Amino acid sequence: MNAITSKFPTAALIDGTWVTAQKSFSVSDPATGEEIARVPDLGADDARRAIDAAAKAFPAWAATPAKARAQILERWFDLITAETEALAQLMTAEQGKPLAEARGEVAYGASFIEWFAEEGKRAYGRTIPTTVASRRYITIKQPIGVVAAITPWNFPIAMITRKVASALAAGCTIVVKPSEETPLCALAVAKLAMDAGVPPGVFNVITSADAASVGNVLTSDPRVRKLTFTGSTEIGRLLYRQCADTIKKLTLELGGNAPLIVFDDADLKQAIAGTMASKYRNAGQTCVCANRIIVQAGIYERFTAALVDAVSSLHVAPGRDPRSTIGPLINADAAKKVESLISDAVSHGAKIRTGGAPDTQGALFYQPTVVTEVTPDMKIAQEEIFGPVASLIRFETEADAIRIANDTPFGLAAYLFTQNIGRVWRVAEALESGMVGVNEGVFSNEVAPFGGVKQSGLGREGAAEGLEEYLETKFICLGGIS
Ligand code: ADP
């Protein structure tokens with residue numbers, strides 16, 4: 001164990017107790033392939049114990065005044081903020097992203113805790129004008145109950161805090177199964193939550209290399225009233241099905257295939273800055289990364305040249321190198337997928353303008369790449385690339401751009417670059433997506449609702465909508481008033 005991992009737990013958390021197991025699995029640094037820690041490989045029985053703990057803790061947590069819950073969450077926010085550097089280093093070690101991005105994610109992840117600490121105080125019900133003189137109508141908001149969360153590796157802290165902070169603020173208790181690629185960040189923030197005074201059983205973390213067994217328990221136990229999942233559409237679909245028998249509420253943040261449309265009348269500088277931020281952040285491994293860069297014919301060549309120029313300033317290196325702006329991909333499968341999408345595109349006529357090959361930094365590093373002459377039928381335009389590859393499609397008219405952008409089963413993020421205000425409205429309204437960035441490449445934050453339409457998911461996270469996802473509305477009819 002090294003200095004970076006020794007500061008935080010490598011045991012799982014059930015009912016306020018750090019638990020180990022006979023079986024463990026390895027967590028490795030994607031930049032080097034070296035093992036940085038081992039964590040318990042828990043199974044179905046442990047998941048059941050965590051649900052027991054969350055169910056036992058629920059009544060007292062739900063009855064704790066929102067203000068008192070907020071005070072605990074505020075302390076959690078403060079502790080995370082104070083540990084920014086240690087958490088960022090841990091994240092870079094297990095996930096690979098450049099340190100500057102990891103620091104940014106700690107702040108982003110913490111922002112959900114601060115926001116929901118406040119928003120939990122505003123879980124207002126309503127009084128409704130009556131229809132009968134002897135009655136009064138009221139609604140109250142109550143926490144759903146025990147929540148299960150299954151989270152991905154690309155934002156190892158923010159995807160946990162976005163779910164846990166909103167659930168806890170609403171009065172729910174939670175069992176989290178983090179990605180097997182990045183359990184250490186989950187355990188680190190859970191420790192800080194314990195230090196902040198989150199009571200035993202309210203927040204549990206099950207580390208496991210057997211996602212299917214743990215997932216089965218979390219989705220079939222009737223005491224779990226809600227599942228919140230961020231990950232692939234394929235697994236989301238499976239979990240949706242598994243939740244049907246017990247009619248669980250669901251929040252699903254699934255895959256995307258974000259279009260980024262650049263019109264002839266765009267400000268070229270803005271379009272390049274937005275594309276760079278949207279495409280190359282986290283080495284292209286975000287579900288809102290521009291996956292299809294759809295560029296109008298009149299600006300196509302100028303945009304390509306400027307993008308290639310901007311890409312030449314990226315620095316591929318392990319995330320811990322302060323100059324790094326592109327770290328490794330998460331694992332060998334991810335690297336293989338990027339290579340196969342590029343070779344498929346090239347074999348169908350796409351042209352590599354820069355990059356297009358693995359980088360010499362190590363097995364999981366890929367060169368930042370720009371590919372042009374991509375057509376919508378190529379695999380690279382239909383599947384999530386999840387790598388540092390900008391794929392450029394050419395279009396002629398506004399109607400073409402909208403048609404190409406919407407020609408996908410996904411609908412998470414979309415981006416458009418134009419200086420024409422009428423076009424902004426027309427296109428933003430026509431895009432089939434949950435979020436639209438206009439002249440902006442990065443827009444996620446704690447105060448705005450994040451989520452998708454079509455097969456990109458159900459529900460929203462962050463914002464007032466994010467709290468609502470963890471609340472039930474109860475209607476109380478007060479009769480007999482004379
Ligand atoms: P990715 O391809 O981005 O890793 P996944 O959807 O495979 O996305 O993983 C997201 C999360 O879902 C991870 O925590 C992973 O362990 C979990 N997961 C994967 N398969 C299953 C499953 N069958 N049941 C429950 N959780 C799963």
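This is a short tour of the ligand site, the pocket around it and the closed cavities in a predicted model.

Before you start clicking, note that residues are numbered from 1 along each chain as its sequence is written, and side-chain values use heavy atoms, with hydrogens and water left out. As the model is predicted, local features need pLDDT of at least 70 and side-chain atom pairs count only at pLDDT 80 or more, while totals for chains, interfaces and linings use all residues.

**Stop 1: the ligand**

Select the ligand and the 17 residues around it, where a residue is near if one of its heavy atoms lies within 4 Å. Thr151, Trp153, Lys177, Glu180 and Ser232 come nearest. By class the shell is 9 nonpolar, 6 polar and 2 charged; here Ala, Val, Leu, Ile, Met, Phe, Trp, Tyr, Cys and Pro count as nonpolar, Asp, Glu, Lys and Arg as charged, and the others, Gly among them, as polar.

Now show the polar contacts (pairs of N or O atoms within 3.5 Å). Glu180 puts a polar side-chain atom 2.5 Å from a ligand oxygen, and Ser232 has one 2.7 Å from a ligand oxygen. For Trp153, an N or O atom of the side chain is 3.1 Å from an oxygen of the ligand. The protein covers 77% of the 550 Å² of accessible area that the ligand has on its own (Shrake-Rupley method, 1.4 Å probe).

Next, colour helix H8 (211–220), strand E10 (224–230) and helix H9 (233–242): each supplies at least two shell residues. Helices (H or I, at least four residues) and strands (E, at least two) are DSSP runs, numbered from the N terminus.

**Stop 2: the largest pocket**

Where does the ligand sit? In the largest pocket, meaning that more than half of its atoms lie within 2 Å of the pocket's grid points. A pocket is an open set of points on a 1 Å grid over the protein atoms alone, with protein on both sides within 12 Å along at least five of seven lines; a cavity is a set where a 1.4 Å probe fits but cannot get out, and lining residues have an atom within 4 Å of a point.

The largest pocket holds about 1100 Å³, a volume being the space filled by probe spheres set on the points. Of its 39 lining residues, Trp153, Phe229, Gly231, Ser232 and Ile235 are closest to the centre. Add helix H12 (332–347) to your selection, as it joins H8, E10 and H9 in giving two or more residues to the lining. H9 gives the most, with 7 residues.

**Stop 3: the cavities**

There are 2 cavities of 30 Å³ or more. The largest has a volume of about 70 Å³; to find it, centre on Asn257, Pro259, Phe410, Gly411 and Ala413, the closest to its centre among 17 lining residues.

Finish at the second largest cavity, of about 40 Å³. Its lining includes Gly256, Cys287, Cys289 and Phe386.

Notes:
A polar contact is a pair of N or O atoms within 3.5 Å; within protein, one must be able to donate a hydrogen and the other to accept it, and residues adjacent in sequence count only if both atoms are side-chain atoms.
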